[in-house]
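User: I'm new to this structure and would love to learn how to read it feature by feature. Could you walk me through some examples?

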Amino acid sequence: MGRSESPEVVLIFRGTHQVLSAEKALKVGGVAIRLIPVPRRLTSDCGLAVRLEEQSLPKAREMLAAVPIVPASAHRLLSSGEYEEVSF
Amino acid sequence: MTVPKEYIYLDNAATSLPKPRGVAEAVAGAIGRAGNPGRSGHALSIGSARDLFAARERLAELFGFRDSARFVFTENATGALNRAIKGLLRPGDHVVTTSVEHNSVMRPLRRLEGAGVSVTVVPADPTGTVAAAEVVAAIRKETRLVAVTHASNVSGAIQPVEAIVRAAKARGVFTLIDAAQTAGAVPIDLSALPVDMLAASGHKGLLGPQGTGFLFVREGVPLVPLVEGGTGSRSEDDHQPDFYPDCLESGTPNSVGIAGLSVALAWLLKKGVASVRSKEVALISELLEGMRQIRGVIVYGPEDPAKRGCALSFNVGGADPGEVGRRLEREAGILSRAGLHCSPNAHRTLGTFPQGTVRVSPGPFTTRKEIRACLSALRGIAPG
Ligand SMILES: Cc1ncc(COP(=O)(O)O)c(C=O)c1O
């Protein structure tokens, strides 16, 4: 991950428990993710967020919907370094 | 981990000993690496958050509920009961409870009584068991909560919680079960039992360290947090988060204890609570059977072992229970608990107030040999 072709997406959740529940579900679905501190540009929250590749979004949606877990928001990292909110 | 070999530990109703293999090691391991869970993004903070997450998932599995977020960690059953009772009841509300509750239910209720909550205490029968119909009959239109213990810590009597919960629910009344004496020892399935809240210790039947407990809160219970503070989530907002488990878990938790609890829960999941239960019923049967044959020994609570948890109260003639407890320890190394067991009303119900009783309570690691040693010591103490 990181320098790959597919842009990065950051998923924000409601609290650490939900982040770890999401991580568990995404791992079960074989979605490659990383836990990162929530980017300051997104919220001033001191919690964790899930980072994944945009190409994994359909599978991620499917896995999270099955639990169900609804992220608070999803954001695509632009080449400018800014984030753009995307629907999840 | 074993109890020092000069002792026979029969005080599992107070706290369980020994703990399953690996619990102490998990606690020791966690103290060396437990970062503040969910507070920082670094490896040791995340590691600690994962310990909590794993323990929560195991609790949910053990109690048959799909959403582990509804299991809130507390410092003990008392902390869980206070959060449930004080978080729900408001002036003008009415609550129904029983005469066999522990002080961790009664004292919060008595305090709220002074603040405009009315309390009905339904008396139990002489075995320490309440009738579901009497509890239900005490429900009024302003009744907000029915709070009942699953099994008495004095008589051992298992209460008809299923019937009570269903009837209260049908009347739109919230329910709270104090499962301090049953969690991990008697199967509880929250997918079948529609109770709204369930409180338990982590350090009794769940076999974890002291300083752990939990409160289960079903969706739709409008519980107001008793304690607000830092949760690691939504730090930009100076209002308490409204989502579980964060709304009820402020401040740094006992991650170290919970790491131990997690290992204990894994042990219970593997072993199966039903198998722990059948072992303990066999031990209690042997104790009951043996005690009935000792002249002068009076046993309290239901005669049928299937109707009791693991707490077994008795007296030896008119002897002071404290003295009997001391003799059991001195003469046979048997560790019991004498007195009122923080439950004065339960003793009034049994007719054993104020002198109390001697209580023995086996656990999953108690052996039949230990039960026989206890009976033999009692034969030596009883006047004959
Ligand atoms: C029935 C009952 N409720 C509540 C409690 C309180 O448990 P804790 O000591 O974990 O707060 C106990 C045990 O002491 C108990 O037996």
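User: At what angle do α1(A) and helix α2 (residues 43-62) of chain B pack, and how far apart are their axes?

Analyst: A good habit is to start with the angle and the distance between the axes. In this predicted model, α1(A) and α2(B) pack at about 75 degrees, and their axes are 10 Å apart. Angles of 65 to 115 degrees count as roughly perpendicular, so α1(A) and α2(B) are roughly perpendicular to each other.

User: Which residues make that contact, and how do they divide into nonpolar, polar and charged?

Analyst: After the geometry, look at the side chains. From α1(A) come A:T16, A:H17, A:L20, A:S21, A:E23 and A:K24, while α2(B) contributes B:A49, B:R50, B:F53, B:R56 and B:E57. By class, this contact of α1(A) with α2(B) has three nonpolar, three polar and five charged residues.

User: How does helix α1 (residues 16-28) of chain A pack with helix α2 (residues 57-66) of chain A?

Analyst: We can read this pair in the same order. The angle between α1(A) and α2(A) is about 120 degrees, with their axes 9 Å apart. That angle makes α1(A) oblique to α2(A). The crossing of α1(A) past α2(A) is right-handed. In α1(A), the residues A:A22, A:A25, A:L26 and A:V28 meet A:A60, A:M63 and A:L64 of α2(A). The contact of α1(A) with α2(A) holds seven nonpolar residues, with no polar and no charged ones.

User: Which residues of helix α1 (residues 23-31) of chain B are buried, and what do they pack against?

Analyst: For a single helix, list the buried residues and then look down the axis. In α1(B), the buried residues are B:V23, B:A26 and B:A30. Seen down the axis of α1(B), they fall within an arc of 60 degrees, so they line one face of the helix. Those buried residues of α1(B) pack against α7 (255-271) of chain B.

User: Let's try a loop residue. Is B:V186 buried or exposed, and which residues does it touch?

Analyst: Begin with where the residue sits. B:V186 is in the loop between β6 (174-178) and β7 (197-201) of chain B. Buried means under 20% relative accessible area, so B:V186, at 11%, is buried. Leaving aside residues up to four places away in sequence, B:V186 touches B:H150, B:I158, B:V273 and B:R277. B:V186 and B:L268 are 82 residues apart along the chain, and 11 Å separates their C-alpha atoms.

User: Which peptide bond leading to B:P18 or B:P245 is cis, and where do these prolines lie?

Analyst: Here the angle to read is omega. From B:L17 to B:P18 the peptide bond is cis, with omega near -10 degrees, and B:P18 is in the loop between β1 (8-9) and α1 of chain B. The bond from B:Y244 to B:P245 is also cis, with omega near -5 degrees. The place of B:P245 is the loop between β8 (213-217) and α7 of chain B.

User: What is phi at B:H341 and at B:C342?

Analyst: Check the sign of phi and then the residue type. B:H341 has a phi near 55 degrees, a positive value in a residue other than glycine. For B:C342, also not a glycine, phi is positive at about 60 degrees. B:H341 is found in the loop between β12 (337-339) and α10 (344-350) of chain B, and B:C342 lies in the loop between β12 and α10 too.

User: Are B:H341 and B:C342 buried, partly exposed or exposed?

Analyst: Return to relative accessibility for this one. B:H341 is buried, with a relative accessible area of 2%, whereas B:C342 counts as partly exposed at 37%.

Technical notes
Residues are numbered from 1 along each chain as its sequence is written. Chains are lettered from A and ligands numbered from 1 in the order in which they are written. This is a predicted model: local features need pLDDT of at least 70, side-chain atom pairs count only at pLDDT 80 or more; totals for chains, interfaces and linings use all residues. Side-chain values use heavy atoms; hydrogens and water are left out. Buried means under 20% relative accessible area, exposed over 50%, partly exposed in between (1.4 Å probe, protein chains only). Helices (H or I, at least four residues) and strands (E, at least two) are DSSP runs, numbered from the N terminus. The arc is that of the directions from the helix axis to the C-beta atoms. Contact means heavy atoms within 4.5 Å. Axes are lines fitted to C-alpha atoms, for helices over the stretch in contact, and angles run from 0 to 180 degrees between N-to-C directions. Angles under 35 degrees count as roughly parallel, over 145 as roughly antiparallel, 65 to 115 as roughly perpendicular and the rest as oblique. A crossing is left-handed if the near helix is turned anticlockwise from the far one by less than a right angle, and right-handed if clockwise. Ala, Val, Leu, Ile, Met, Phe, Trp, Tyr, Cys and Pro count as nonpolar, Asp, Glu, Lys and Arg as charged, and the others, Gly among them, as polar.
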